[in-house]
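Good morning, colleagues. Please take a moment to look at the sequence and the structure on the screen before I begin.

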Amino acid sequence: MEAYTSFASVYDTFMDNIPYEEWSVYVEELLKEYGVRDGLVVELGCGTGTMTELLSASGYDMIGIDNSEEMLEIALEKKLSSGHDILYLLQDMREFELYGTVKAIVSVCDSINYIMEEDELMTVFKLVNNYLDPKGIFVFDFNTIYKYQELLGDRTIAEQRDECSFIWDNYYYEEEKVNEYELSLFIREPESEYYRKYEETHYQKAYSLEEIRRLVEQSGLEYITAYDAFTHEEPRKNSERIYVIARERGK
């Protein structure tokens with residue numbers, strides 16, 4: 001089933017425990033560390049636009065790209081409320097197109113893990129290299145194999161709210177390095193005491209840092225460094241999320 005359709009309407013509700021403002025400060029620090037203080041920045045897999053809005057508020061000219069129309073509808077509502085001049089594009093990151101190059105591209109919240117095949121991820125990285133300014137910067141994160149194996153795999157997560165509830169069953173297939181999420185949503189009907197059930201299935205691919213580095217370098221990008229998420233420390237064996245910084249290296 002297509003992901004982030006019915007879930008889009010309650011995504012922000014269930015993600016309200018994510019410290020997006022702290023994450024945006026970290027991303028901004030990484031961008032500035034490599035000379036990107038303003039100008040055009042693209043967010044791949046922008047979802048409902050929370051991070052896009054925060055980076056826009058910090059002075060970047062933002063473009064948000066996502067392949068979920070439902071998620072982008074919510075992002076547009078935020079744009080109308082904030083008044084920020086953000087361009088949103090309904091595109092698959094494996095095929096995204098821009099009118100020109102940009103100073104930086106970012107992708108956070110493990111959007112990269114939704115790319116299930118190495119050749120498709122290579123295509124994403126090649127497109128990034130193509131649309132970056134000379135020496136432009138690419139900042140992205142990904143969930144680690146450790147996180148899927150030890151923290152998510154074969155685990156059920158459930159949460160109940162007044163307006164909606166969910167049951168999230170995880171299954172990690174070690175041989176394929178794929179994590180399957182079976183998501184059951186119960187969303188309260190407007191002005192009603194009744195709830196409607198929705199079901200979605202999501203898949204994420206687990207990549208090692210070595211695999212990511214190889215694909216980055218083979219795509220033409222220059223691999224710069226990787227950090228244990230929200231630090232400037234080297235990734236550890238038990239890192240749950242890793243940030244990678246790469247640079248445009250010629251078309």
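I shall begin with the chain as a whole, then turn to two helices, and end with a single residue.

Please keep in mind throughout that this is a predicted model. The protein chain has 7 helices and 11 strands. Its radius of gyration is 18 Å, close to the 18 Å that the globule rule gives for 251 residues, so the chain is as compact as a globular protein of that length. Taken along the principal axes, the box filled by the C-alpha atoms is roughly 55 × 45 × 30 Å.

How much of the chain is buried? Of the 251 residues, 51% are buried. The exposed surface of the chain comes to about 12,400 Å², and carbon and sulfur atoms supply 45% of that area. As for contacts between residues at least 6 apart in sequence, 65% of them join residues at least 24 apart. The chain carries 24 positive and 53 negative charges, and the mean positions of the two sets lie 6 Å apart.

Let me now turn to helix H3, which spans residues 50–57. This helix is mostly covered, with 6 of its 8 residues buried. The buried residues are Thr-50, Met-51, Thr-52, Glu-53, Leu-55 and Ser-56. After H3 comes Gly-59, which has a positive phi, near 110°.

The second helix is H6, residues 145–152. Which of its residues are buried? They are Lys-147, Tyr-148 and Leu-152. Viewed down the axis of H6, these buried residues fall within an arc of 95°, so they line one face of the helix.

What do the buried residues of H6 pack against? Their partners are strands E5 (132–143), E6 (156–160), E7 (164–173), E8 (178–188), E9 (195–205) and E11 (241–247). Following H6 is Asp-154, and its phi is also positive, near 55°.

Strand E6, one of those packing partners, brings me to the last residue, Glu-159, which is found in that strand. Is Glu-159 buried, partly exposed or exposed? With a relative accessible area of 27%, Glu-159 is partly exposed, because buried means under 20% and exposed means over 50%. Finally, consider Glu-159 together with Ile-86: the two are 73 residues apart along the chain, and their C-alpha atoms are separated by 32 Å.

Thank you for your attention.

Technical notes:
Residues numbered from 1 in each chain as written. Predicted model: local features only at pLDDT ≥ 70, side-chain atom pairs only at ≥ 80, totals over all residues. Heavy atoms only, no water. Buried < 20%, exposed > 50% of the residue type's maximum accessible area, 1.4 Å probe, protein only. Helix = DSSP H or I, 4+ residues; strand = E, 2+ residues; numbered from the N terminus. Arc of directions from axis to C-beta. Contact = heavy atoms within 4.5 Å. Rg over C-alpha atoms; globule rule 2.2 N^0.38 Å. Areas by Shrake-Rupley, 256 points an atom, 1.4 Å probe, with all protein chains shown as cover. Lys, Arg positive; Asp, Glu negative; His and termini not counted. Charge placed at Lys NZ, Arg CZ, Asp CG, Glu CD.
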